[in-house]
Amino acid sequence: MKKTLIGAALATATAGAAVAADFPARPIQVVVPYSAGGSTDLSVRVVADAFERLFDGQMVVRNQPGGGGGIGSSAAVHARPDGYTLAAGAQGPLAILPLIGGTDYQFDDVEFIGLFARSLQLLVACADAPFSDYDGFIEYAKTKAPQIGNSGAGGANQISAEAFADAAGISIESVPFNGSSEARTACIGGHIDAMVASPAEAKAASESGQMTPLFVMEDARIDLFPDTPTAVEKGVDFTWSSWKGLVGPKGMDAETLAWLRDAIKQVANDEEFKKTLTDMGEFVTFEDGEAFEARARKDMETTHDVLEKLDMLGMNN
C-alpha cells in the first residue's frame, strides 16, 4: 500500500513537471481593464510584442473596460488559475477600488507576477496661480487651501494630492473632473490653482508657459525636470506613482508562476522593450512579484487613510 501511494505521488509530480515544461502550450491572454489606446493598453501591447519575440509564443491582449477597471480585473482574478489568463495590474482597480467598494474581489485574491513600468507624477501650478515654486506653494497652503484638480473623485490623482497634503501638514481642496483632459483644460485656463500631471503633460505645458512644475513625486529628481525638486528633498517623506504590471488569479501551480515571473523579468530587461516604452514616456521599472505586491500594498494603505479621512471607504457597497 505504501509503495502504491509513493508511486502515485511520483506520477503526479512527474505529470506536473511535464505540464510546467510545456507551458505555455497555447496563447496567453492578458485582460486590459481599460479601453484600447490608453497608456496601460499601449504598454501591455509592447509587453506582448516583446514576449512573442523573446519566447516564440503568443500573447493576446483583450480589452474589457468598465467599472473603473474593476470589470476586466475581476474577469482575470476569477479566471481558471492555469496561467493562461492574466491581467494588466493597475493601481486603480487593485489598490483603490476594493476600498471604495463594488468589486467582487479583494487585494488578497490577486497573484502579483511582476511590475514593468511606472507613470511618474508631478504637482504643477496652473495659469495665474498665486505661487510658482514648491516653497511658495507650501507657504500659500498654510493659510489657504489651494484648489487642486484631479481626473476623478477617488482616483489615483486625488489620492496622491490628498496623501501629500497629509504628509506635508497642509490643507487642500480637491476638485474632481471627468478625466485628466478636463482637468488640464481648467488648469491652463486658470480655473484651479494646481493639478497632478504626468511628466509628458507637464513638459509640454511648462515649455509653453501654461503650467509650472512644483515638485516631483519621486525619491530623486528626474532627467526630464532636473531643476524641479522632490518633496523628499524638501523634507516631506512622500512619493507616489501609478504603475503597470502583470497579475493573475491565486492558485497557479508553482512552476507556472515561476515561469511567468521569469518571463516578465526578461521582457522588462530587454533593451528593445525598454527603449520602446521609454520613448512612449513610461518609466521602465522591473520589480519581482514580491516587491510589486509590497508596493501595491503600501499604496493601498495610503489610499485607505485618505479615503477614511474623506469618508469614502466602502461608499459603493
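A residue counts as buried when its relative accessible area is under 20%, as exposed when over 50%, and as partly exposed in between. The structure described here is a predicted model. Arginine 297, at 32% relative accessibility, is therefore partly exposed. The side chain of arginine 297 meets that of aspartate 108 in a salt bridge, with an N to O distance of 3.1 Å. This pair links distant parts of the chain, 189 residues apart: aspartate 108 is in the loop between H4 and S4, and arginine 297 is in helix H11, which spans residues 289-309.

The number of salt bridges in the model comes to 20. Another of these joins aspartate 270 to arginine 53, where the closest N and O atoms are 2.6 Å apart. Here too the partners lie in distant parts of the chain, with their positions 217 residues apart: arginine 53 belongs to helix H2, while aspartate 270 sits in the loop between H9 and helix H10 (271-279). The two partners fall in separate accessibility classes. Aspartate 270 has a relative accessible area of 14% and is therefore buried, whereas arginine 53, with a relative accessible area of 39%, is partly exposed.

A further salt bridge is formed by glutamate 233 and arginine 221, with 2.7 Å between the closest N and O atoms. Both residues of this pair are in the loop between S9 and S10, where strand S9 covers 212-216, and they are 12 residues apart. Glutamate 233 is partly exposed at 43% relative accessibility, and arginine 221 is partly exposed at 40%. In addition, Arg26, Arg80 and Asp82 are joined into one network by salt bridges that share partners.

Helix H2, the location of arginine 53, runs over residues 39-55 and also holds threonine 40. The relative accessible area of threonine 40 is 11%, so this residue is classed as buried. Beyond its neighbours within four places in sequence, threonine 40 is in contact with Val32, Tyr34, Ala88 and Lys244.

Helix H2 also takes part in enclosing internal space. The structure has one cavity of 30 Å³ or more, and the volume of the largest cavity is about 60 Å³. The lining of the largest cavity consists of Val47, Phe51, Met59, Ile113, Leu246, Leu260, Ala263, Ile264 and Val267. At least two lining residues come from H2, and at least two from helix H9 (254-268). H9 provides the largest share, with four residues. In terms of residue class, the lining of the largest cavity is made up of nine nonpolar residues, with no polar and no charged ones.

The largest nonpolar core contains 49 residues, and the members that touch the most others are Phe112, Leu123, Phe137, Phe164, Ile170 and Phe215. For phenylalanine 112, the contacts outside the four nearest places in sequence are with Leu94, Phe107, Leu246, Val247, Arg261, Gly289, Phe292, Glu293 and Ala296. A separate core of 28 residues includes Val46, Phe51, Met59 and Ala268. Of these residues, Phe51 and Met59 also appear in the lining of the largest cavity.

Helix H3, residues 70-77, is mostly covered, as six of its eight residues are buried. The buried positions are Gly70, Gly72, Ser73, Ser74, Ala76 and Val77. These residues pack against four strands and one helix, namely strand S1 (28-32), strand S3 (85-90), strand S4 (110-120), strand S10 (241-249) and helix H4 (91-100).

Alanine 145 is located in the loop between helix H5 (134-141) and strand S6 (147-150). Its relative accessibility of 36% means that alanine 145 is partly exposed. When residues up to four places away in sequence are not counted, alanine 145 touches Ser171, Ile172 and Glu173. The C-alpha atoms of alanine 145 and proline 199 are 24 Å apart in space, and the two residues are 54 residues apart in sequence.

Key. Residues numbered from 1 in each chain as written. Predicted model: local features only at pLDDT ≥ 70, side-chain atom pairs only at ≥ 80, totals over all residues. Heavy atoms only, no water. Buried < 20%, exposed > 50% of the residue type's maximum accessible area, 1.4 Å probe, protein only. Contact = heavy atoms within 4.5 Å. 1 Å grid on protein atoms, 1.4 Å probe; cavity = no way out; pocket = protein on both sides within 12 Å on 5 of 7 lines; lining within 4 Å. Points joined across faces, edges and corners; volume = space filled by probe spheres on them. Nonpolar A, V, L, I, M, F, W, Y, C, P; charged D, E, K, R; others polar. Salt bridge = Lys/Arg side-chain N within 4 Å of Asp/Glu carboxyl O. Core = buried A, V, L, I, M, F, W, Y, C linked by side-chain atoms within 4.5 Å.
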